[in-house]
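Subject: Structure for your review

Dear colleague,

Please find below the structure that I am handing over to you. My notes on what was found in it follow directly after.

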Amino acid sequence: MSKRIERVAVIGAGVMGAAIAAHCVNAQFSVDLLDIVPKELTPEEKGKGWTPAHPAVRNRIVVWGLEAARRNKPTAFFLPEWLSRIRQGNLEDDLGRLAEADWIIEAVTESFEVKTSLLKRIDAVRKPASIVSTNTSGIPINSLASDLSQDFRSHWLGTHFFNPPRYMKLLEIIPGAETEPGVLETISSIGDLRLGKGIVRCKDTPNFIANRIGTFGLQHVLLVMQQDGYSIDEVDQLTGPAIGRPKSATFRTLDIVGIDTFAHVTRNIYQNVPHDEQRELFKVPNFIDDMLARNLLGEKSGQGFYKKVSKGEILTLNLSTMEYGPRTKSKFASLEMGKGVGDLGERLRALTSATDRAGAFLWNTLSATLVYSANRVPEISDDIVSVDNAMKWGFNWELGPFETWDDLGVESVARRLEKEGQPLPRLVQDVLSTPRKTFYSRREGKTTYFDLMTKQYEEVRYPDGIIFLAHLKEQGKLIKKNAGASLIDLGDGVACVEFHSKMNSIGGDTIQMIHDGLKTAREQSCGLVIGNQGQNFSVGANLMLILLEAQEQNWEEIDGMIRAFQRATMAIKYSSQPVVVAPFGMTLGGGCEISLHAGQLQASAETYMGLVELGVGLIPAGGGTKEMLLRSLARAGKDPENDLFPHLSQAFETIALGKVSGSAHEARALGFLREQDGISMNRDRLIADAKARVLQLAGSGYQKPDPARIIALGNRGLATLKIGMHQMKRGGFISDHDFAIGSKLTWVLCGGDCNSVQEVSEQYILDLEREAFLSLCGERKTLERIQHMLQKGKPLRN
């Protein structure tokens with residue numbers, strides 16, 4: 001049975017330990033963070049007259065570790081002030097606190113001797129049945145606990161977080177030989193529900209799954225680079241998004257991880273895999289040793305394979321001279337061709353079959369990783385699904401190695417390998433002996449995988465409480481579809497409007513589907529979810545359409561577009577059935593406005609929400625400005641006439657500065673989320689959580705809200721807000737154009753030209769929004785800003 005966990009203690013305040021502690025606070029645990037007592041005073045401490053006994057000295061390592069976690073970009077905390085929630089201490093004065101902990105996480109340096117010594121101290125003070133885990137990235141779990149008590153060993157396991165723990169989805173869980181099933185169930189459940197992780201069970205083999213495969217892939221890239229004369233810049237051109245890997249590609253990734261960390265992980269594999277057919281590949285290259293000797297460690301030392309210099313310029317290391325020089329970009333015909341291929345599988349087939357240097361490099365490196373991965377089953381995992389998930393969640397690959405086998409074609413890859421004289425892994429031979437000849441199969445929304453043990457195709461099992469919209473559509477649950485959105489039956493009388501336009505931008509198709517969804521909810525369902533499972537919820541309105549109409553001075557068309565969007569958001573707000581919007585990732589501009597009008601939100605913890613229209617010279621006109629005004633009124637309480645302005649000023653600042661939340665909790669602090677709105681730690685559960693919220697609202701007798709009462713401050717508010725803008729303009733902080741946009745925003749927020757405080761309707765404010773938006777569309781500088789943003793091809797974020 002699962003055990004209740006309330007207090008977590010983390011030992012080790014280094015990069016990983018401090019970040020793990022921060023994320024445990026994000027997950028609403030009570031947290032202790034301990035580390036050793038410093039051996040010497042710093043010059044600053046000596047200057048203050050402190051002694052080694054001073055509490056600030058004794059806890060200094062923890063203080064510094066947490067400060068670094070808070071300052072890091074991106075930060076480890078959902079809200080920076082949550083750092084104060086961590087109880088700080090040291091292993092001399094505060095070791096006894098471990099007796100209070102339900103879960104103790106050891107995250108000290110990767111040394112067998114250091115870890116075993118510390119674990120003995122933990123065993124002496126921990127309470128019976130408390131869970132203890134290690135964040136080791138590769139030291140055998142069983143060897144660390146072999147000399148400890150029976151109760152310790154039965155509550156002992158490995159919990160390998162990936163850096164940074166807040167953002168990386170993978171949590172590898174490694175049971176010890178005597179770990180109780182309930183302990184694994186507890187940590188798996190907490191990892192999923194509370195920490196938002198994708199859980200992969202691993203065997204106690206060197207470096208587990210992700211680092212074993214990932215390190216091999218990196219080492220093989222280094223080998224091919226040296227053998228065939230590719231440069232650092234060329235390799236990073238070839239090993240990033242073009243093949244479904246992160247933008248950091250190979251060498252930027254190594255700089256982030258740390259060259260020293262990479263070398264340590266590689267050496268650990270080499271020392272502990274005597275029977276691995278590729279063992280010699282895990283020898284650390286000479287140039288890595290040279291870099292370590294020169295303290296070229298990557299980001300942590302300010303220079304590694306890349307070095308940032310003045311004005312943001314980035315230089316690349318020349319491995320022959322060990323000197324930095326300008327970055328260079330090579331032209332590969334196959335890579336240029338691949339840019340026009342949207343489907344990753346099709347692109348990989350084209351790239352690996354190309355005959356230029358890019359094609360040769362990608363075939364050599366990808367095929368080697370595919371073969372190595374197949375040879376590791378069942379050594380590191382009994383199933384291919386765990387391997388694929390580990391690589392997708394731990395290294396941010398779009399496709400795992402066995403998914404890549406399928407996309408390239410198992411038979412095609414096998415034939416090419418045999419032609420090159422390479423032996424086929426037994427697992428691949430077994431797959432080729434089946435009629436399907438693939439590692440995976442999808443039928444009617446169900447995925448099966450080839451199981452090496454049974455030699456049969458077994459169904460992929462997902463945790464309860466996860467809904468995949470793609471699977472529902474394959475099962476015939478699609479109600480309606482157009483180019484920009486779909487309407488899907490989630491079951492139990494709940495429908496879902498799913499966006500699927502480019503970057504989930506909002507246009508006429510999206511708005512039409514919202515109306516269709518509301519009609520279905522009204523006539524056939526008990527409620528509606530608005531959500532999707534793309535990369536981001538929505539980057540906002542389709543600015544290309546607005547730009548084209550504005551350039552042609554089709555003001556009536558733009559007016560109609562705004563009115564249509566306003567009708568959609570107001571229909572969401574005043575729906576007779578509950579509407580729950582499920583934002584996640586970038587939820588900007590119009591995406592934010594849709595969210596603001598929901599009956600309730602069920603937001604992913606990683607929701608980056610903001611009204612960013614002022615960045616292109618416009619104001620929110622889909623009701624976003626109105627809703628921020630209404631939320632200011634709600635915070636003002638019973639006497640809005642006298643208490644509204646401070647809250648209105650905050651709303652103005654949030655919109656004018658284009659503030660974007662760094663988390664759902666910060667979105668709540670900015671006023672985008674309300675107290676009654678929910679937050680899901682695991683994004684995979686977001687649609688199911690939103691559906692559950694719809695059912696809860698419907699079951700409790702949901703009633704649509706009464707028409708809102710808006711108090712407009714009029715000229716009194718206008719004058720005060722404009723004083724602040726005049727001061728910013730005189731100080732050179734904003735331009736004349738910024739002042740003009742800000743003036744339009746204050747006009748809307750204050751209810752226009754009202755001589756006195758008065759009550760106005762929502763429609764009155766919506767009309768002011770629309771008029772301001774239209775007038776700004778005619779500004780040359782606004783059109784230039786929109787055009788510039790579209791040319792960059794990036795969503796708008798101030």
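The expected span of a helix is 1.5 Å times one less than its number of residues; helices (H or I, at least four residues) and strands (E, at least two) are DSSP runs, numbered from the N terminus. This is a predicted model, in which local features need pLDDT of at least 70 and side-chain atom pairs count only at pLDDT 80 or more, while totals for chains, interfaces and linings use all residues. Residues are numbered from 1 along each chain as its sequence is written, and side-chain values use heavy atoms, with hydrogens and water left out.

Helix α8 and the first sheet to discuss

Helix α8 (residues 181-193) has 13 residues and should therefore span 18 Å at 1.5 Å a residue, which agrees with the 18 Å between its end C-alpha atoms. Among its buried residues (buried means under 20% relative accessible area, exposed over 50%, partly exposed in between, with a 1.4 Å probe and protein chains only) are Val 183, Leu 184, Ile 187 and Ile 190. The buried residues of α8 pack against β4 (103-106), β5 (131-134), α7 (150-154), β6 (156-161), β7 (170-175) and β8 (198-201).

These strands belong to an open sheet of 8 strands with mixed pairing, in the order β3-β2-β1-β4-β5-β6-β7-β8; two strands pair if DSSP finds at least two bridges between them. β3 (86-90) and β8 stand at the edges with a single partner strand each, so one side of each has no neighbour in the sheet. The twist averages 25° from one strand to the next. β6 and β7 run antiparallel and are joined by 5 bridges, and Leu 157 stands opposite Pro 175 in β7.

Two helices lie across this sheet. α8 runs at about 150° to β8, and helix α5 (residues 112-125) runs at about 160° to β4. For these angles, axes are lines fitted to C-alpha atoms, for helices over the stretch in contact, and angles run from 0 to 180 degrees between N-to-C directions.

The nonpolar cores

A nonpolar core is a set of buried Ala, Val, Leu, Ile, Met, Phe, Trp, Tyr and Cys residues joined through side-chain atoms within 4.5 Å. The largest has 105 residues, and Ile 122 is one of those that touch the most other members. Helix α16 (residues 357-375) gives the most to this core, with 10 residues. Apart from it lies another core, of 96 residues, which includes Ile 506 and Leu 614.

The second sheet

A further open sheet has 7 strands with mixed pairing, in the order β15-β16-β17-β18-β19-β21-β23. Its edge strands are β15 (478-481) and β23 (678-680), each pairing on one side only. Here the twist averages 20° from one strand to the next. Helix α22 (residues 508-523) packs on the sheet, and its direction makes about 25° with that of β16 (485-491). Helix α29 (residues 686-699) also packs on the sheet, at about 160° to the direction of β21.

Ser 663

Ser 663 is found in the loop between α27 (640-656) and α28 (664-670) and is buried, with a relative accessible area of 0%. Its side chain reaches the backbone oxygen of Phe 78 at 2.9 Å. A polar atom of the Ser 663 side chain also lies 3.1 Å from the backbone nitrogen of Glu 666.

Yours sincerely

Terms used: Contact means heavy atoms within 4.5 Å. A polar contact is a pair of N or O atoms within 3.5 Å; within protein, one must be able to donate a hydrogen and the other to accept it, and residues adjacent in sequence count only if both atoms are side-chain atoms.
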